[in-house]
Amino acid sequence: MSEFHISPIAKPLRGTIRVPADKSISHRAAILGALGDGETRVENFLPSETTHATLNCLRALGAEIETIDATTLVVRGRGMRALREPNDVLFCAGSGTTMRLLSGVCAGQNFLSILDGAPALKRRPMARVAEPLRAMGATILARDNGKLPPLAIRGGNLRGIDYTLPVASAQVKSAILLAALFADSPTTVREPSLSRDHTERMLKACGAELQIANRESRIHPTSRLAIPNSQFAIPNDFSSAAFFLIAALLAPQSEICIQAVGVNPTRTGLLDALARMGAQIKIENTRNESGEPIADLIVRASELRATEIAGDEVPRMIDEFPILAIAATQARGETSVRDAQELRVKESDRIGTLAQEIRKMGAQIEERADGFVIAGPTPLRGARVHAHNDHRLAMSLAVAALVARGETVIDGWECVADSFPNFENVLRACS
Ligand code: S3P
C-alpha cells in the first residue's frame, strides 16, 4: 500500500492545466467501438485501471484492440453479432462501470459470460442490473440470491421492456440501452432524476434510433452501429477537474485555467452548487467534441458560503460529493446534502468513509442516512488518513491537505490510478 505525503501549499496555485480523459466516456467508446464494424480510433482515451479492465474484457469477447500509445487506441470490431463466448471469467477489477455496462452487452449474446471483479467490486449491488436484464429474457445468476458479483449471464433472444429505474443510475440505464440494441422490439427506460447521458448521445451519434424526452429514452433494436467518422475523441473529465476547481477556490490568491473539460449538463451539478456558494468560476470557449460540450474553466480563489444540495441535482454531481465536502469545511454556514443515499454504494461507503477521514483533519461533519451536514469554516489540520480504496476520497483528502496546517499522510494512495494516474504531476504543474 503506498503513502502520499502532502504538505500545505506555500503559494497560490497558478497556470494552465489539463486533467485526464473522461472515465465514463472512455469505457463507452471502447465498448461501442467493439460493437462497430471495422476500425474505430479512440483519441484521448483514459489510461487507468478501470478502463483497462474494460479493454481486457472486450478482447476476451473477441474484439481486437491495439494500443497505439497510452491515450490512443484502435478498436477493430466485427459488428454487433460477432462477439464470441469468452473462455475465461471476464475480470472487471474494481470497476462498476465495466461490470454493469458489459452485463448489458453480454445479456444480448447467445453464450455464457461470467463477470467477476476485485473484492471491493464484489460488495457492490448488481440486482439493479440483473433484474431488468432478466425481464428482457436473459438468464442471470449471482451470489447472495442474485444480488452480488460474480454474475453468470446467458443471454440472447431478448425482448424489449418498459422499465422505470428505482434510483437514477447511468450505469443501469446504459446496461439496459445496450441490451436493448439486441432485443426483438423497442425498449423504454425511465429514471426518477436524469443521470449522465453519454450513452444516449453516443448511441444516437452511431445511428441508433433513440427518442429522448425528459427522463425517458425509447430505443429500437439495431443490427449495426456506425461509429461517426470511425473515431471518438474523449473530452477531459469534469470529475477530475473538480479536485483542482476546489483546490484553487480554497488556496488564497489562486487562479488557474483547466482546459478542454467536458461540461455536459448532466455532469456539472457541482458548478451550480459552487455558484450558489459564491465561487468565481468562468466557463469560456465552449465548443463541441464528439457530441459532448467542452470548455475551459477559469477559477479564482473565493470566499465561500454554505448551500443545500438535494433532489435532481444529486445525480448531476454524484461523483463530486467528497470534494464538495472539502469546500464545505471552508464555507461559512451549514452545508447540507440530502437524497444522496447512493453514495453508500460507490467505491466505498462515501458518507461513512468521508466523515471518518475528514474528522481526523478537524472537519465538523454529521452523517445522515442519505447525506451529511458540514459546519464551516473550520481550520483543517494535517493528519494520517486512509483512502479506503476510493480514488475520489483519496484526491479529496489531498486537496484538504493542501489547505490544512501541517503534513498529511494518505494511506492507500495507489487507488488514484482508477481515474487520475498523473494527479501529482498536474498538481506540481500549478503549484
Ligand atoms: C458512471 C455512473 C455513475 C458514477 C460512476 C460512473 C457511468 O454511477 O458514479 O462513477 O460511467 O455511467 P451510477 O450509475 O451507479 O450512479
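Which residues line the largest cavity? I shall begin there, then turn to the second largest cavity, to the ligand and its pocket, and finally to a few points of backbone geometry. Please keep in mind throughout that this is a predicted model.

The lining of the largest cavity consists of Asp22, Ile25, His198, Pro235, Asn236, Phe238, Gly262, Val263, Asn264, Arg267 and Glu292. By class, these residues divide into four nonpolar, four polar and three charged. The volume of this cavity is about 50 Å³. With a threshold of 30 Å³ or more, the count comes to three cavities.

The second largest cavity has a volume of about 40 Å³. Its lining is made up of Arg28, Ile31, Leu32, Leu101, Leu178, Thr199 and Met202. Here the division is five nonpolar, one polar and one charged. Two helices, α1, residues 23-35, and α8, residues 198-205, each supply at least two residues of that lining. The largest share, three residues, comes from α1.

Let me now move to the ligand. Which residues surround the ligand? They are Ser24, Arg28, Thr97, Arg100, Ser169, Ala170, Gln171, Arg196, Ile318, Asp319 and Lys346. Arg28 thus appears in this shell, and Arg28 is also one of the residues lining the second largest cavity. Sorted by class, the shell holds two nonpolar, four polar and five charged residues.

Three contacts to oxygen atoms of the ligand deserve to be named. In the side chain of Arg28, an N or O atom is 2.6 Å from an oxygen atom of the ligand. For Ser169, the corresponding distance, again from an N or O atom in the side chain, is 2.7 Å. Gln171 takes part through its backbone, with an N or O atom 2.8 Å from an oxygen atom of the ligand. As to burial, the ligand taken alone exposes 380 Å², and the protein buries 95% of that. The elements giving two or more residues to the shell are α1, α3, residues 96-107, and α7, residues 170-180.

Where does the ligand sit? The space that the ligand takes is the largest pocket. This pocket has a volume of about 640 Å³. It is lined by 36 residues, of which the closest to its centre are Ala168, Ser169, Ile318, Glu342 and Lys346. Among these, Ser169, Ile318 and Lys346 are also found in the shell around the ligand. The elements that give two or more residues to the pocket lining are α1, α3, α7 and α13, residues 391-402. By class, the lining of the pocket has nine nonpolar, 13 polar and 14 charged residues.

I turn, last, to the backbone. Which peptide bond has an omega near 0°? The bond from Pro149 to Pro150 is cis, with omega near that value. Pro150 belongs to strand β9, residues 148-154. The peptide bond from Gly376 to Pro377 is cis as well, with omega near -5°. Pro377 is placed in the loop between β21, residues 371-376, and β22, residues 384-386.

One further residue concerns phi. Asn44 is not a glycine, yet its phi is positive, at about 60°. Asn44 is located in the loop between β3, residues 37-43, and α2, residues 49-60.

To draw the main points together: the ligand takes the space of the largest pocket, and the protein buries 95% of the area that the ligand exposes when taken alone. Helix α1 gives two or more residues to the shell around the ligand, and α1 also supplies the largest share of the lining of the second largest cavity. As for the backbone, the cis bonds described here include the one from Pro149 to Pro150 and the one from Gly376 to Pro377.

Technical notes:
Residues numbered from 1 in each chain as written. Predicted model: local features only at pLDDT ≥ 70, side-chain atom pairs only at ≥ 80, totals over all residues. Heavy atoms only, no water. 1 Å grid on protein atoms, 1.4 Å probe; cavity = no way out; pocket = protein on both sides within 12 Å on 5 of 7 lines; lining within 4 Å. Points joined across faces, edges and corners; volume = space filled by probe spheres on them. Nonpolar A, V, L, I, M, F, W, Y, C, P; charged D, E, K, R; others polar. Helix = DSSP H or I, 4+ residues; strand = E, 2+ residues; numbered from the N terminus. Near = heavy atom within 4 Å. Polar contact = N/O pair within 3.5 Å; in protein donor to acceptor, adjacent residues only side chain to side chain. Areas by Shrake-Rupley, 256 points an atom, 1.4 Å probe, with all protein chains shown as cover. Sits in = over half its atoms within 2 Å of the grid points.
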